[in-house]
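Hello,

Here is the structure I promised to pass on to you. Have a look at it first, and then read on for what turned up in it.

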Amino acid sequence: MASVAAAAYDAAHHHPDAEVRKQNAAFYEFLVPLVKGYSTEMSLEVTSLGVQVHGGMGFIEETGAAQYYRDAKILTIYEGTTAIQANDLVGRKTARDGGTGAKAIAAQIEKTEADLAQRSSPNAKAVHQRLKAAREAFVDVVEFIAANTRANPNAAFAGSVPYLMLAGNLVAGWQMARALMVAEDLLAQGTDAAFMQAKITTARFYADHLLSRAPGVRISVIEGAESVNALSFDMY
Ligand SMILES: Cc1cc2nc3c(=O)[nH]c(=O)nc-3n(C[C@H](O)[C@H](O)[C@H](O)COP(=O)(O)OP(=O)(O)OC[C@H]3O[C@@H](n4cnc5c(N)ncnc54)[C@H](O)[C@@H]3O)c2cc1C
């Protein structure tokens, strides 16, 4: 996802066609809070699992795993906290253009879904199913955010971090789907079989175990605002 964002930044500055530059600039701007917010939040999940794998020894500083966990924690704070990235995603990156840029990304993802649908492998079929469900959840959430940010800001911003995580998960899953197709083609040509098989298995794992979270997060954004805002100050 970070590499895709970097490529979009280059194209936004150096592509000879002004219209392509503009499209890439909008795409890059949307990706920035995802790269900063989603990746850093996921680094906490990964390093927490790293501690867990080593059990009690993982928690002991000398093992080294705990240091990664602690170092990962600062990532969600020092380049703009996760909530600030999420506010940027809701306000400047989604509501300001009425969700047009977000939906343009969803349309790109639909093209990848069409490519996956052409394939006969069980892995491509499974990834296709998960990507479609996640993209549909994303579009629902974008429409909710676009409709509510001005009319009912507390409702829209209550779901800002879940929206950030859903969008980051989807864009990361989309890149996994693209990687799966490249790896399948190279595997069929006999290139580096173990590496390609690992890429395919990783994409399938991501789709089944991470991308599959997206429809649940959709509920959190669209139906979850009331309970976020239900407690008044005197109830704390
Ligand atoms: C090790 C370290 C290195 C740093 N290096 C740099 C550096 O090189 N350059 C630099 O400029 N700064 C640096 N910082 C500062 C860093 O940018 C700030 O810590 C960061 O911006 C968060 O600000 P804060 O700590 O005041 O938290 P606050 O802004 O008080 O945030 C506290 C919590 O409230 C949430 N929050 C705040 N405002 C809102 C809002 N409007 N809506 C919803 N939630 C909100 C935040 O998400 C966060 O969870 C560094 C900090 C650390 C700890």
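Four aromatic pairs turn up in the structure, which is a predicted model. One of them brings Phe27 and Trp174 together: the ring centres lie 6.3 Å apart and the planes meet at 65 degrees, so this pair is edge-to-face. The cut-off for that label is an angle over 60 degrees. Distant parts of the chain are linked here, since Phe27 sits in helix α2 (residues 18-53) and Trp174 in helix α9, 147 residues apart. Phe27 has a relative accessible area of 18% and is therefore buried, and Trp174 is buried as well, with a value of 6%. You will also find an aromatic cluster, made up of Phe30, Phe138 and Tyr163.

Now to the charged side chains. The count of salt bridges comes to 14, and a few of them deserve a look on your screen.

Start with Arg92 and Asp88, whose side chains meet in a salt bridge with an N to O distance of 2.8 Å. Both belong to helix α5 (residues 82-95), and because they are four residues apart there, about one helical turn separates them. How does their exposure compare with the cut-offs? Buried means under 20% relative accessible area, and partly exposed runs from there up to 50%. Asp88, at 12%, therefore counts as buried, whereas Arg92, at 49%, is partly exposed. This pair also belongs to a wider arrangement: Glu29, Asp88, Arg92 and Lys93 are linked in a network of salt bridges.

Arg119 is the next residue to pick out. Its side chain forms a salt bridge with Glu184, with 3.0 Å between the closest N and O atoms. This pair again ties distant parts of the chain together: Glu184 lies in helix α9 (residues 160-188), while Arg119 lies in the loop between α6 (100-117) and α7 (122-148), 65 residues away. Both Glu184 and Arg119 are buried.

Arg119 also meets Asp185 in a salt bridge, at 3.2 Å from N to O. Here too the partners come from distant parts of the chain, with Arg119 in the loop between α6 and α7 and Asp185 in helix α9, 66 residues apart. As for exposure, Arg119 has a relative accessible area of 18% and so is buried, but Asp185, at 38%, counts as partly exposed.

Last comes the ligand. Which residues are around the ligand? They are Ile74, Ile77, Tyr78, Thr81, Ala83, Ile84 and Asn87. Helix α5 gives the most to this shell, with three residues. By type, the shell divides into five nonpolar residues, two polar ones and no charged ones.

Two distances are worth checking when you zoom in. An oxygen atom of the ligand is 2.6 Å from an N or O atom in the side chain of Thr81. On the nitrogen side, a ligand atom is 3.1 Å from an N or O atom in the side chain of Asn87. Taken alone, the ligand exposes 970 Å², and the protein buries 27% of that.

Happy browsing, and do write back with any questions.

Best wishes

Methods: Residues are numbered from 1 along each chain as its sequence is written. This is a predicted model: local features need pLDDT of at least 70, side-chain atom pairs count only at pLDDT 80 or more; totals for chains, interfaces and linings use all residues. Side-chain values use heavy atoms; hydrogens and water are left out. A salt bridge is a side-chain nitrogen of Lys or Arg within 4 Å of a carboxyl oxygen of Asp or Glu. Helices (H or I, at least four residues) and strands (E, at least two) are DSSP runs, numbered from the N terminus. Buried means under 20% relative accessible area, exposed over 50%, partly exposed in between (1.4 Å probe, protein chains only). A residue is near a molecule or strand if one of its heavy atoms lies within 4 Å of it. A polar contact is a pair of N or O atoms within 3.5 Å; within protein, one must be able to donate a hydrogen and the other to accept it, and residues adjacent in sequence count only if both atoms are side-chain atoms. Accessible areas come from the Shrake-Rupley method with a 1.4 Å probe; for residues, only the protein chains shown count as cover. Ala, Val, Leu, Ile, Met, Phe, Trp, Tyr, Cys and Pro count as nonpolar, Asp, Glu, Lys and Arg as charged, and the others, Gly among them, as polar. Rings of Phe, Tyr and Trp (its six-membered ring) pair if their centres lie within 6.5 Å; planes under 30 degrees apart count as stacked, over 60 as edge-to-face and the rest as tilted.
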